[in-house]
Amino acid sequence: GMPASEIVGVVKDVHHDGVNQAAPPTFISTATPVPTATFVVRSDRAGTTAFIQDLREAVWSVDRDLSLATVRTLGEMYERSMARTSMTLTLLAVTGSMALALGLIGIYGVVSYAVSQRRREIGVRLALGAGYGEVRRMFVRHALVLVAIGVVIGLGAATALTRLMASQLYGVSPLDLPTHVTVAVCLALAAALASYVSTHRTSSFDPVEILKGE
């Protein structure tokens, strides 16, 4: 067989300084004797006190002067290395969720207000014979057009900032399609709901009453 010092193996990239940093070139050699040794043990009992005690007894059965140091599971090592990144991502998720919620509330309020300011137009259209469904569809289409314009502008701004955003992301494209589509759909639904509800509320009154109120 081949001597241990001549065995060559290739492993996946290891991000020692966090996933946001490139994995450095690494060469591991066992040619130089060291006073310590690292072992990786696979077991369904990993992380339990009884398993650690069994490991100690196995080592002591070979040499009572040997001791175990820094006994950790791979999961613990992963969580420790990702602690700062995980906290940052959690804060960003909370902030992003709040921003999306405020955006939905803002769009709903603005669209509802815009429809309420066109009560007279709704009354006139109804008085001239326009159907209730036709009026509602018209306002919903108008709201969706405005949202579409806003989405296009937002995507343009996101595209312009891709270089800045790319430095803050790992394994995710700055123009992540599922995320952008989800946000756009949420905003469109909020605008459509606001315009439909507001128009429905206004058009449910008699056109004469609407015009009298104006």
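**Exercise 1. Where does confidence run lowest and highest in the protein chain?**

Start with the two ends of the scale. In the protein chain, helix 8 (residues 207–213) has the lowest confidence, with a mean of 59. The highest belongs to helix 3 (residues 83–116), at 87. Remember that you're looking at a predicted model, so this check comes before anything else: where pLDDT is low, the predicted coordinates should not be read in detail. Now take the whole chain: its average pLDDT is 79, and 82% of the residues score at least 70.

**Exercise 2. How many helices and strands does the protein chain have?**

Count each kind in turn. You get 8 helices and 0 strands. Walk along the sequence and write an α for each helix, and the pattern reads α-α-α-α-α-α-α-α. Next, look at how the chain meets itself: among contacts with a separation of 6 or more, 61% are between residues 24 or more positions apart.

**Exercise 3. Is Ser195 buried or exposed, and which residues does it touch?**

Step one is to find Ser195, which sits in helix 7 (residues 177–203). Step two is its relative accessible area, which is 0%. Buried means under 20%, so Ser195 is buried. Step three is the company it keeps. Leaving out residues up to four places away in sequence, Ser195 touches Val111, Val115, Phe139, Val140 and Ala143. Three of those names turn up again in helix 5, where Phe139, Val140 and Ala143 are among the buried residues.

**Exercise 4. Is Ser112 buried or exposed?**

Ser112 lies in helix 3. Its relative accessible area is 17%. That's under the 20% cut-off, so Ser112 counts as buried. As for contacts, Ser112 touches Ala194 and Ser198, again not counting residues up to four places away in sequence. For the wider picture, 14% of the 214 residues of the protein chain count as buried.

**Exercise 5. What span is expected for helix 5, and what does it reach?**

Helix 5 has 29 residues, and at 1.5 Å a residue you'd expect 42 Å. From its first C-alpha to its last, helix 5 reaches 43 Å, which is close to that figure. Then check which of its residues are hidden: the buried ones are Val135, Arg136, Phe139, Val140, Ala143, Val147 and Ala158. Keep a rule of thumb in mind while you read that list: an α-helix has 3.6 residues a turn, so residues three or four places apart point the same way.

Thr159 is in helix 5 too. With a relative accessible area of 42%, Thr159 is partly exposed. Its C-alpha is separated by 7.1 Å from that of Leu175, although the two are 16 residues apart along the chain.

**Exercise 6. Which residues make the nonpolar surface patch of about 390 Å²?**

The patch is made by Val145, Leu146, Ile149 and Ile153. Pick Leu146 and place it: helix 5, residues 132–160. Its relative accessibility is 49%, so Leu146 counts as partly exposed. Zoom out, and the accessible surface of the protein chain comes to about 16,500 Å², with 63% belonging to carbon and sulfur atoms.

**Exercise 7. Which side chains meet in a salt bridge?**

The count is 1 salt bridge. Its partners are Arg45 and Asp54, with 2.7 Å from N to O. Now check how covered each partner is. Arg45 has a relative accessibility of 36%, so it counts as partly exposed. Asp54, at 33%, counts as partly exposed as well.

Notes: Residues are numbered from 1 along each chain as its sequence is written. This is a predicted model: local features need pLDDT of at least 70, side-chain atom pairs count only at pLDDT 80 or more; totals for chains, interfaces and linings use all residues. Side-chain values use heavy atoms; hydrogens and water are left out. Helices (H or I, at least four residues) and strands (E, at least two) are DSSP runs, numbered from the N terminus. Buried means under 20% relative accessible area, exposed over 50%, partly exposed in between (1.4 Å probe, protein chains only). Contact means heavy atoms within 4.5 Å. pLDDT is the predictor's confidence in each residue, from 0 to 100. Accessible areas come from the Shrake-Rupley method with a 1.4 Å probe; for residues, only the protein chains shown count as cover. Patches are made of residues with over 30% relative accessible area and no salt bridge: like charges are joined within 9 Å, nonpolar side chains (Val, Leu, Ile, Met, Phe, Trp, Tyr) within 5 Å. A salt bridge is a side-chain nitrogen of Lys or Arg within 4 Å of a carboxyl oxygen of Asp or Glu. The expected span of a helix is 1.5 Å times one less than its number of residues.
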